[in-house]
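Here are some exercises to work through with the model open beside you. Try each task on your own, then compare your path with the worked solution.

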Amino acid sequence: MAEAYIVEAVRTAGGRRNGKLSGWHPANLAAEALNAIVDRSGIDPAAVDDVIMGCVTQAGEQAFAFGRNAVLASKLPGSVSAVTIDRQCGSSQQAVQFAAQAVMSGTQDIVIAAGAESMSRVPMFSNTSLHQKEGLGMGPISDRIRKRFGVESFSQFEGAEMMAKKYGFTRLSLDQFALESHRRAAEATKSGAFKNEIVPLTIEGGEHTVDEGIRFDASLETIGSVKLLKEAGVISAANASQICDGASAVLVVSEQALKNHNLKPSARIVGLTVTAGDPVIMLEEPINATRRALAKAGMKIGDIDLYEVNEAFASVPLAWLQAIEADPSSLTSTAARLRWDTHSERRVRSFFQLWFMR
């Protein structure tokens with residue numbers, strides 16, 4: 001089987017809800033990531049075989065062939081095709097996986113995998129709530145699904161609480177993890193660790209280059225003062241991920257494309273795995289996915305230098321660390337890849353990324 005390589009990876013700095021990036025149409029936001037991939041890699045735009053765009057809420061400005069609209073808003077020629085995919089929280093990661101599979105199969109040589117979401121302009125759940133308001137249908141969870149699983153709906157918030165209870169996490173332990181996440185993200189930002197990957201965006205008053213969700217002045221007291229999402233629970237907005245606007249993209253190519261276009265790879269994709277599990281607790285699935293991925297690759301967790309586990313809720317990476325018996329110092333954050341700065345002076349052998357969905 002052919003090898004798949006990552007040549008370039010870029011992202012915008014994240015924006016808060018109704019924050020600095022809320023004035024950007026999501027198609028234009030995604031287009032800036034595509035443009036940056038072309039500019040930084042030096043690839044001929046016409047040589048791109050396909051663009052695979054991950055997007056969770058495909059409604060409003062993110063509807064109607066969102067990936068294709070991003071291409072049309074970019075400097076890529078109209079001859080470059082695009083597709084939009086939805087694997088919920090793992091949509092952009094799945095874009096990378098599909099791009100790698102296309103290259104490994106030999107059907108394509110140069111693919112841009114990308115993702116974009118404007119949660120300010122296309123609010124979470126707006127693709128279902130607007131239908132509900134108009135009385136159209138009963139929603140995406142059918143009566144058959146409700147009967148099978150004994151619930152009226154599936155909720156990540158409930159899943160996060162279930163995870164915390166199952167693995168014995170208190171609010172204090174989650175808040176401490178969140179504080180460390182902000183601290184490391186702030187430290188990495190100040191050191192310039194993210195400078196090369198961030199695509200500057202023009203906003204009113206200048207350029208947006210710093211992740212808006214990082215709380216540089218966070219303290220255990222301020223995090224602990226945030227209201228809990230559920231009475232007698234442990235999850236709050238402060239130990240969960242922010243609502244964010246942003247876009248990212250990576251260039252995935254074959255070995256032949258490296259030679260033909262004089263490209264320099266930054267990483268080789270070794271393995272790809274998708275798993276599914278209990279949709280009620282749902283957030284436990286990264287544990288099962290890790291075990292399967294390592295087994296398929298013939299590796300152990302100690303062979304991995306860096307791991308990234310979706311930090312939508314602090315209970316998820318903490319449970320993962322406990323179950324996998326992984327080294328906490330090598331755990332990065334999806335909020336800001338917290339450990340990249342500490343590894344910048346040596347070659348990273350392997351990087352392991354996990355996302356979850358129900």
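The exercises below concern a predicted model, and they go from cores to surface, rings and charges.

**Exercise 1. Find the largest nonpolar core and say which elements build it.**

Solution.
- Step 1: Count the members. The largest nonpolar core has 38 residues.
- Step 2: Look for its best-connected members. Val51, Leu76, Ile112 and Val253 have the most contacts inside this core.
- Step 3: Ask where the members come from. At least two residues each are supplied by β1 (4-11), α1 (26-41), β3 (50-54), α2 (66-72), β5 (110-118), β6 (201-203), β8 (244-254) and α9 (255-260).
- Step 4: Pick out the main contributor. With 8 residues, α1 gives the largest share of this core.
- Step 5: Check for another core. One of 33 residues lies apart from it, and its members include Tyr167, Ala312, Phe313 and Ala314.

A general remark fits here: in soluble globular proteins, nonpolar side chains tend to be buried together.

**Exercise 2. List what Val51 is in contact with, leaving aside its neighbours within four places in sequence.**

Solution.
- Step 1: Set those sequence neighbours aside, as the task asks. The contacts of Val51 are then Leu34, Val71, Leu76, Val80, Ser81, Ala82, Val83 and Ile112.
- Step 2: Compare with Exercise 1. Leu76 and Ile112 are in this list, and both were named among the residues with the most contacts inside the largest core.

**Exercise 3. Which residues form a nonpolar patch on the surface? Locate Leu229 within the fold.**

Solution.
- Step 1: Name the patch. It consists of Met124, Phe125, Phe157 and Leu229, which together have about 400 Å² of accessible area.
- Step 2: Place Leu229. This residue sits in the loop between α8 (220-224) and β8.
- Step 3: Classify Leu229. Its relative accessibility is 47%, so Leu229 counts as partly exposed.

**Exercise 4. How many aromatic pairs does a search of the whole structure find? Describe the pairs Tyr167 with Phe169 and Tyr307 with Trp320.**

Solution.
- Step 1: Take the total. The search finds 4 aromatic pairs.
- Step 2: Examine Tyr167 and Phe169. Their ring centres are 6.3 Å apart and their planes differ by 15°, which makes the pair stacked.
- Step 3: Check burial of these two rings. Tyr167 has a relative accessible area of 15% and is therefore buried; Phe169, at 13%, is buried too.
- Step 4: Turn to Tyr307 and Trp320. This pair is tilted, with 5.2 Å from centre to centre and 55° between the planes.
- Step 5: Trace the second pair along the chain. Tyr307 belongs to strand β10 (residues 306-309) and Trp320 to helix α11 (residues 315-324), so the pair links distant parts of the chain, 13 residues apart.- Step 6: Check burial again. Tyr307 is buried, with a relative accessible area of 3%, and Trp320 counts as buried at 0% relative accessibility.

**Exercise 5. Compare the salt bridges Glu3 with Arg268, Lys230 with Glu158, and Asp175 with Arg171.**

Solution.
- Step 1: Get the overall number. The structure holds 12 salt bridges. As a general point, side chains of opposite charge can pair when their charged atoms come close.
- Step 2: Start with Glu3 and Arg268. Their side chains meet at 3.4 Å, N to O. Glu3 is in the segment before β1 and Arg268 in strand β9 (residues 267-268), with their positions 265 residues apart in the chain. Glu3 is partly exposed at 29% relative accessibility, and Arg268 is partly exposed at 43%.
- Step 3: Move to Lys230 and Glu158. This salt bridge spans 3.3 Å, N to O. Lys230 is in the loop between α8 and β8 and Glu158 in helix α6 (residues 156-167), so the pair ties together parts 72 residues apart in sequence. Lys230 is partly exposed, at 38%, as is Glu158, at 37%.
- Step 4: Finish with Asp175 and Arg171. Their salt bridge is 3.2 Å, N to O. Both residues lie in helix α7 (residues 171-191), 4 residues apart, or about one turn of the helix. Asp175 is buried at 4% relative accessible area, and Arg171 counts as buried at 18%.
- Step 5: Look for a network. Glu180, Arg183, Arg184 and Glu187 are joined into one by salt bridges that share partners.

**Exercise 6. Is Ser254 buried or exposed, and which residues is it in contact with beyond its neighbours within four places in sequence?**

Solution.
- Step 1: Place Ser254 in strand β8.
- Step 2: Read its accessibility. Ser254 has a relative accessible area of 5%, so it is buried.
- Step 3: List the contacts. With the sequence neighbours left aside, Ser254 touches Glu3, Tyr5, Val103 and Asp109.
- Step 4: Set a distance beside the sequence separation. Ser254 and Glu231 are 23 residues apart along the chain, and their C-alpha atoms are separated by 52 Å.

Notes: Residues are numbered from 1 along each chain as its sequence is written. This is a predicted model: local features need pLDDT of at least 70, side-chain atom pairs count only at pLDDT 80 or more; totals for chains, interfaces and linings use all residues. Side-chain values use heavy atoms; hydrogens and water are left out. A nonpolar core is a set of buried Ala, Val, Leu, Ile, Met, Phe, Trp, Tyr and Cys residues joined through side-chain atoms within 4.5 Å. Buried means under 20% relative accessible area, exposed over 50%, partly exposed in between (1.4 Å probe, protein chains only). Contact means heavy atoms within 4.5 Å. Patches are made of residues with over 30% relative accessible area and no salt bridge: like charges are joined within 9 Å, nonpolar side chains (Val, Leu, Ile, Met, Phe, Trp, Tyr) within 5 Å. Accessible areas come from the Shrake-Rupley method with a 1.4 Å probe; for residues, only the protein chains shown count as cover. A salt bridge is a side-chain nitrogen of Lys or Arg within 4 Å of a carboxyl oxygen of Asp or Glu. Rings of Phe, Tyr and Trp (its six-membered ring) pair if their centres lie within 6.5 Å; planes under 30 degrees apart count as stacked, over 60 as edge-to-face and the rest as tilted.
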